[in-house]
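Visitor: I'd like to go through this model and hear the reasoning behind each label. Could you show me the chain before we start?

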Amino acid sequence: LVLLCACQDAPSQNEIAARAAKAYYDQLLEGKYEQFVDGHYQPDSIPAVYREQLVANAKMFVGQQQSEHRGIRRVDVVRADVDTARHAGNVFLTFLYGDSTSEEVVVPMVFQDGLWYLR
């Protein structure tokens, strides 16, 4: 009975993937662009120049959202649907903007080496 109760307390892979996606986007909103880029799955190492371009793209995205919507104020999880057999899934997030609008986005995820990454 104790083992059964302990298993129920463990978060599901849906919940873990959702938390990971939210954490990556929270890092983006906090200006931690390098960490956001590191949250993307890269099967091989990438050249430093390419990584710098990805960081610059993340900064531009945040700037674009600032000019179009007065920024993203908060990211909320709607739900996650993962396929553990395929090591992939989708997390549905809501971006709550500074201009009082919101948008639901789908974030593809991949499970690799025990972690969920943005795809």
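Guide: Helices and strands here are DSSP runs, at least four residues for a helix and at least two for a strand, numbered from the N terminus. By that scheme, arginine 70 falls in the loop between H4 and E1. Keep in mind that this is a predicted model.

Visitor: Why is arginine 70 called exposed?

Guide: Exposed means over 50% relative accessible area. Arginine 70 comes out at 52%, so it counts as exposed.

Visitor: What makes the phi of arginine 70 worth pointing out?

Guide: Most residues other than glycine have a negative phi. Arginine 70 has a phi near 60°, a positive value in a residue other than glycine. Aspartate 113 has a positive phi too, near 50°, and it is found in the loop between E3 and E4. With a relative accessible area of 70%, aspartate 113 is exposed.

Visitor: How do you know that threonine 94 is buried?

Guide: Buried is under 20%, and threonine 94 has 15% relative accessibility, so it goes in that class. Threonine 94 is in strand E2. Leaving aside neighbours within four places in sequence, threonine 94 contacts Arg74, Val75, Asp76, Val78, Ser102, Glu103 and Glu104.

Visitor: Now the core. Which residues have the most contacts inside the largest nonpolar core?

Guide: Those are Tyr25, Val91, Leu93, Val107 and Met109, in a core of 26 residues. The elements giving two or more residues to this core are helices H2, H3 and H4 and strands E1, E2, E3 and E4. H2 gives the most, with seven residues. As a general point, nonpolar side chains in soluble globular proteins tend to be buried together.

Visitor: What does valine 107 touch?

Guide: Not counting residues up to four places away in sequence, valine 107 touches Ala21, Tyr25, Gly89, Asn90, Val91, Leu93 and Leu118.

Visitor: On to the rings. Why is the pair of tyrosine 41 and tyrosine 117 called tilted?

Guide: There are five aromatic pairs in the structure. For tyrosine 41 and tyrosine 117, the centres are 6.1 Å apart and the planes make 50°. Centres within 6.5 Å make a pair, and planes neither under 30 degrees nor over 60 count as tilted, so this pair earns the name. The pair links distant parts of the chain, 76 residues apart: tyrosine 41 in the loop between H3 and H4, tyrosine 117 in strand E4. Tyrosine 41 is partly exposed at 29%, whereas tyrosine 117 is buried at 19%.

Visitor: What makes phenylalanine 111 and tryptophan 116 a tilted pair?

Guide: Their centres are 5.1 Å apart and their planes 55° apart, so both cut-offs are met. Phenylalanine 111 is partly exposed at 24%, while tryptophan 116 is buried at 3%. Elsewhere, ring pairs link Tyr25, Phe36, Phe95 and Tyr97 into a cluster.

Visitor: How do you know that the charged end of arginine 79 sits over the ring of phenylalanine 92?

Guide: One condition is a distance within 6 Å of the ring centre, and arginine 79 is 3.9 Å from it. The other is lying within 35 degrees of the ring normal. The charged end of arginine 79 is assigned as sitting over the ring, so it meets both.

Visitor: Last one: which elements give two or more residues to the lining of the largest pocket?

Guide: H2, H3 and H4 do, and H4 gives the most, with five residues. The lining includes Tyr25, Phe36, His40 and Tyr50. About 170 Å³ of space lies in this pocket.

Notes. Residues are numbered from 1 along each chain as its sequence is written. This is a predicted model: local features need pLDDT of at least 70, side-chain atom pairs count only at pLDDT 80 or more; totals for chains, interfaces and linings use all residues. Side-chain values use heavy atoms; hydrogens and water are left out. A nonpolar core is a set of buried Ala, Val, Leu, Ile, Met, Phe, Trp, Tyr and Cys residues joined through side-chain atoms within 4.5 Å. Buried means under 20% relative accessible area, exposed over 50%, partly exposed in between (1.4 Å probe, protein chains only). Contact means heavy atoms within 4.5 Å. Rings of Phe, Tyr and Trp (its six-membered ring) pair if their centres lie within 6.5 Å; planes under 30 degrees apart count as stacked, over 60 as edge-to-face and the rest as tilted. On a 1 Å grid over the protein atoms alone, a cavity is a set of points where a 1.4 Å probe fits but cannot get out, and a pocket is an open set with protein on both sides within 12 Å along at least five of seven lines; lining residues have an atom within 4 Å of a point. Grid points are joined across faces, edges and corners, and a volume is the space filled by probe spheres set on the points.
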